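Walk through this model step by step, from the overall fold down to single residues. Keep the viewer open while you read.

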Amino acid sequence: MVYIIFGLAAIVTILAAIELSNDADVLSGKTSLGGLLVGTVLLGGATSLPEVTTSLSSVLIENPDIAIGNMLGSNMFNLFIIACFDVYYRKNRLLQQANIGHLYTAGLGLILTTMTLIALIRKLDYVVLGVGIDSLLIAVVYGTGMYVISRISEGLPDNQLMAPEFDGKVIGNSKSNKPTTTIRKAIISFFLAAVAIMIAGTLLSVSGDIIAEKTGLGSTFIGSFLMAATTSLPEAVAVFVALRLRNINIAIGSILGSNIFNMLILMGTDIVYRQGPILSNVAHSHEITAMTVTVLSVLVMISLMRKKVTTTFSYMMPSLLIMLGYFIATYLIFKG
């Protein structure tokens, strides 16, 4: 039964993510926000709701390793997702066509992950009002970074559509399948889909903890791989639908926005966790995941910065390295 519940919850997150992406496409086209901000802030935050409920629920059932492993593992899996699509559509060079504003989002994610890695290694016991000082610093940097990104993005053009030569034979090439949807309907639908994802995320957390106990795989591996991959399904579906709608900035923004929003979850989990700073009370194996996310983030930034690449193979190299790094890290966590 627990596997059935886990599977049904995953299906709900997929269906809700499809609706979220369609509504985000409407909002990016009918409002002044544009694909970059809609993808990074709205869709990125909404698709991270399973991570929110999963991490908080895991802390409440006294399993902080699933909470932290889910957050870091989701970030690692998210970068793996964008790398897979980038390699599949290598001739279109998705990351090369993206708005340069995504480079700042990726940079913020790199800074936040590096701070988390340092906190995991140092394991500071300093708390402020019961919250770890490391989590507080991460939250402050997140808020400051998002403010700076929003100001910078105002002056950047929103190159929202894919190039005319984009190959849409498999995914599709229609600009929008909801041309008559109003802004009000899109907002309501977006909100309802987000609520559905929150509920499904809680079910994923509880059933995942039971699976970890029954299989004996361990909370770190379950959190960093199984739970992370499942709660990242909304991001995978969001990218798929956004590319079907030929909206590059929403696709990439949803991934990078989700990654930085996941780092903010640390603050919430640390508030709920009452046995000291949460990053100081988890397994050392999470350092592998944090270090991997740091390296993969650098590779994504390299892809976003490179605008003059001579061959398709040289363009693919960062994404291929991301995919390789993901499998290596997963193996090391499993063996650990």
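**Contacts across the chain**

Take the contacts in the protein between residues at least 6 apart in sequence: 86% of them join residues at least 24 apart. The model is predicted. The protein has 13 helices and two strands. It counts 336 residues, and buried residues make up 58% of them.

Helix packing comes next. Two packed helices are described by the angle between their axes and the distance between the axes. Start with helix 3 (residues 49-60) and helix 4. Their axes come within 6 Å and cross at roughly 160°. An angle over 145 degrees counts as roughly antiparallel, so helix 3 and helix 4 are roughly antiparallel to each other. Their crossing is left-handed. On the helix 3 side, the contact uses Glu51, Thr54, Ser55, Ser58 and Val59; helix 4 brings Pro64, Ile66, Ala67, Asn70, Met71 and Ser74. By class, the residues of this contact of helix 3 with helix 4 are five nonpolar, five polar and one charged.

Helix 4 also packs on a partner from far along the chain. The axes of helix 4 (residues 64-88) and helix 11 (residues 248-272) come within 10 Å and cross at roughly 170°. Helix 4 and helix 11 are therefore roughly antiparallel. Helix 4 passes helix 11 in a left-handed crossing. Ile68, Met71, Ser74, Asn75, Asn78, Leu79, Ile81 and Ile82 of helix 4 meet residues of helix 11, namely Ile252, Ile255, Leu256, Ser258, Asn259, Asn262, Met263 and Leu266. Ten nonpolar and six polar residues form the contact of helix 4 with helix 11, and no charged ones. Met71 and Ser74 of helix 4 thus serve in the contact with helix 3 and in the contact with helix 11.

What separates the C-alpha atoms of glycine 73 and valine 293? The two residues are 220 apart along the chain, and the separation is 8.4 Å. Glycine 73 is in helix 4. Its relative accessible area is 0%, so glycine 73 is buried.

Valine 293 leads on to the next helix pair, since it is one of the residues of helix 12 in the contact described below. The axes of helix 6 and helix 12 (residues 286-305) come within 9 Å and cross at roughly 160°. That makes helix 6 roughly antiparallel to helix 12. Their crossing is left-handed. Helix 6 contributes His102, Leu103, Ala106, Gly107, Leu110, Thr113, Thr114, Leu117, Leu120 and Ile121; the residues from helix 12 include His286, Glu287, Ala290, Met291, Val293 and Thr294. The contact of helix 6 with helix 12 divides into 13 nonpolar, seven polar and one charged residue.

Return to helix 11, the place of isoleucine 271. Isoleucine 271 has 43% relative accessibility, so it counts as partly exposed. Isoleucine 271 and leucine 56 are 215 residues apart in sequence, yet their C-alpha atoms are 9.5 Å apart in space. Now look at helix 7 (residues 133-153), where serine 135 is found. Is serine 135 buried or exposed? At 1% relative accessibility, serine 135 counts as buried. Leaving aside neighbours within four places in sequence, serine 135 is in contact with Leu266, Met267 and Asp270. Leu266 is also among the helix 11 residues that meet helix 4.

Aromatic rings are the next stop. A search of the whole structure finds six aromatic pairs. In one of them, the rings of tyrosine 326 and phenylalanine 327 have centres 5.6 Å apart and planes at 75°, so the pair is edge-to-face. Tyrosine 326 is buried, with a relative accessible area of 4%. Ring pairs link Phe77, Phe80, Tyr326 and Phe327 into a cluster.

Last come two backbone angles. Most residues other than glycine have a negative phi. Arginine 93 has a phi near 50°, a positive value. It lies in the loop between helix 4 and helix 5 (94-97). Arginine 93 is buried, with a relative accessible area of 15%. Lysine 123 also has a positive phi, of about 50°, although it is not a glycine. Lysine 123 sits in the loop between helix 6 (101-122) and strand 1 (127-128).

Definitions and conventions:
Residues are numbered from 1 along each chain as its sequence is written. This is a predicted model: local features need pLDDT of at least 70, side-chain atom pairs count only at pLDDT 80 or more; totals for chains, interfaces and linings use all residues. Side-chain values use heavy atoms; hydrogens and water are left out. Axes are lines fitted to C-alpha atoms, for helices over the stretch in contact, and angles run from 0 to 180 degrees between N-to-C directions. Helices (H or I, at least four residues) and strands (E, at least two) are DSSP runs, numbered from the N terminus. Angles under 35 degrees count as roughly parallel, over 145 as roughly antiparallel, 65 to 115 as roughly perpendicular and the rest as oblique. A crossing is left-handed if the near helix is turned anticlockwise from the far one by less than a right angle, and right-handed if clockwise. Contact means heavy atoms within 4.5 Å. Ala, Val, Leu, Ile, Met, Phe, Trp, Tyr, Cys and Pro count as nonpolar, Asp, Glu, Lys and Arg as charged, and the others, Gly among them, as polar. Rings of Phe, Tyr and Trp (its six-membered ring) pair if their centres lie within 6.5 Å; planes under 30 degrees apart count as stacked, over 60 as edge-to-face and the rest as tilted. Buried means under 20% relative accessible area, exposed over 50%, partly exposed in between (1.4 Å probe, protein chains only).
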